[in-house]
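I opened my notebook to a fresh page and pulled up the model. Here is what I looked up, entry by entry.

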Amino acid sequence: MVEKHTIIITVTNSPGVLARISGLLFQRGYNIESAIGAPTEDPDIYKVILVVQESDEHIEQIVKQLNKLIGTIRVVDISHKDNYIVREYIILKLEVQQKNRTDLLELARHFNAHAIDIETDHIIMELSGNPRKIDRFIELVRPFGIKEYVRSGEFAMSEYQKSKKGEKNGD
């Protein structure tokens, strides 16, 4: 069964690492739904978070291949963990008229979205949260008139769990 998987790849910060990762998936015919690369608390170490829709068998192959890439420190598919947190970030530019501005801002308040730029004919808002929350917000503000938006793609982290004796924590 094909399901969405979130794969966290810990890599050394070196030129071409993202190209090697995306190239590996491209060569095997896998589509990357979203990809985010960002530094960690150690500037020499990056985490790349991929969202891929594939079967468990294919994900297992992807994880094995990613572990073989130069610069890879660790690869974890957190999608089957009991406890993990997924978030996404979005910035939207919305058309707004004076008569519906209050309705839009009230709706934004319920979603904990924030206006980051307000002009007479538009508002730019930001929102972070679960991807389903982002989808619902887009659906509800669409009637106001979305001029454009940018989504970050999903990023995730395993929740903290106490280690059993002999196990490493965190994943």
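**Entry 1: Ile90**

I started at Ile90, which sits in strand β5. A note to myself before going on: this is a predicted model.

Is Ile90 buried or exposed? I looked up its relative accessible area and found 0%, so Ile90 is buried. For a cut-off, I kept in mind that buried means under 20% relative accessible area.

Next I asked which residues Ile90 touches, leaving out those up to four places away in sequence. The list is Met125, Glu126, Leu127, Ile134, Ile138, Tyr149, Val150 and Arg151. I also checked Ser152, which is 62 residues from Ile90 along the chain. Their C-alpha atoms are separated by 6.2 Å.

**Entry 2: helix α4**

Two of the names on the Ile90 list, Ile134 and Ile138, sent me to helix α4, which covers residues 131–141. Which residues of α4 are buried? I noted Pro131, Ile134, Phe137, Ile138 and Val141. They cover an arc of only 120 degrees around the axis, so they lie on the same side of α4.

I then turned the helix around. On the face away from the buried side, I found the exposed residues Arg132 and Glu139.

What do the buried residues of α4 pack against? My list reads β5 (84–95), α3 (101–111), β7 (122–129) and β8 (146–151). The β5 entry fits with the Ile90 contacts to Ile134 and Ile138.

**Entry 3: helix α3**

Since α3 is among the partners of α4, I gave α3 the same treatment. Its buried residues are Arg101, Leu104, Leu107, Ala108 and Phe111. Here the arc around the axis is only 130 degrees, which puts these residues on the same side of α3. I was happy to write down that an arginine, Arg101, is on the buried list.

The face of α3 turned away from that side carries exposed Thr102, Arg109 and His110. As for what covers the buried residues of α3, I noted β5, β6 (114–118), β7 and α4 among the elements.

**Entry 4: Asn112**

I kept reading past the end of α3. Asn112 follows the helix and lies in the loop between α3 and β6. What is the phi of Asn112? I found a value near 60 degrees, which is positive in a residue other than glycine.

**Entry 5: His122**

My next stop was His122 in strand β7, a strand that helps cover the buried residues of α3. Its relative accessible area is 13%, so His122 counts as buried.

Which residues does His122 touch, not counting those up to four places away in sequence? I wrote down Lys93, Leu94, Glu95, Val96, Asp117 and Lys147. I also looked up Arg101, which is 21 residues away from His122 along the chain. The C-alpha atoms of the two are separated by 9.2 Å.

**Entry 6: strand β3 and its neighbours**

I moved to the earlier part of the chain and picked strand β3, residues 45–54. Why is β3 largely enclosed by the rest of the structure? Seven of its ten residues are buried, so the rest of the structure encloses most of the strand.

I checked its partners one at a time. Strand β1 (residues 3–12) runs antiparallel to β3, and ten bridges join the two. Within this pair, I found Thr12 opposite Ile45.

Strand β2 (residues 32–39) also pairs with β3 in the antiparallel sense, over seven bridges. There Ala35 stands opposite Leu50. How many residues lie between β2 and β3 in their hairpin? I counted five.

**Entry 7: the whole chain**

I closed with the overall view. The protein chain has four helices and nine strands, and along the sequence they follow the pattern β-α-β-β-α-β-β-α-β-β-α-β-β. The C-alpha trace spans about 60 × 40 × 40 Å along its principal axes.

Of the 171 residues, 38% count as buried. I noted an accessible surface of about 10,800 Å², with 50% of it belonging to carbon and sulfur atoms. Among contacts with a separation of 6 or more, 72% come from residues 24 or more positions apart.

Last, I looked up the charges. There are 23 positive and 26 negative side chains, and the centres of the two sets lie 4 Å apart.

Key. Residues are numbered from 1 along each chain as its sequence is written. This is a predicted model: local features need pLDDT of at least 70, side-chain atom pairs count only at pLDDT 80 or more; totals for chains, interfaces and linings use all residues. Side-chain values use heavy atoms; hydrogens and water are left out. Buried means under 20% relative accessible area, exposed over 50%, partly exposed in between (1.4 Å probe, protein chains only). Two strands pair if DSSP finds at least two bridges between them. Contact means heavy atoms within 4.5 Å. Accessible areas come from the Shrake-Rupley method with a 1.4 Å probe; for residues, only the protein chains shown count as cover. Lys and Arg count as positive and Asp and Glu as negative; His and the chain ends are not counted. The place of a charge is taken as NZ of Lys, CZ of Arg, CG of Asp or CD of Glu. The arc is that of the directions from the helix axis to the C-beta atoms.
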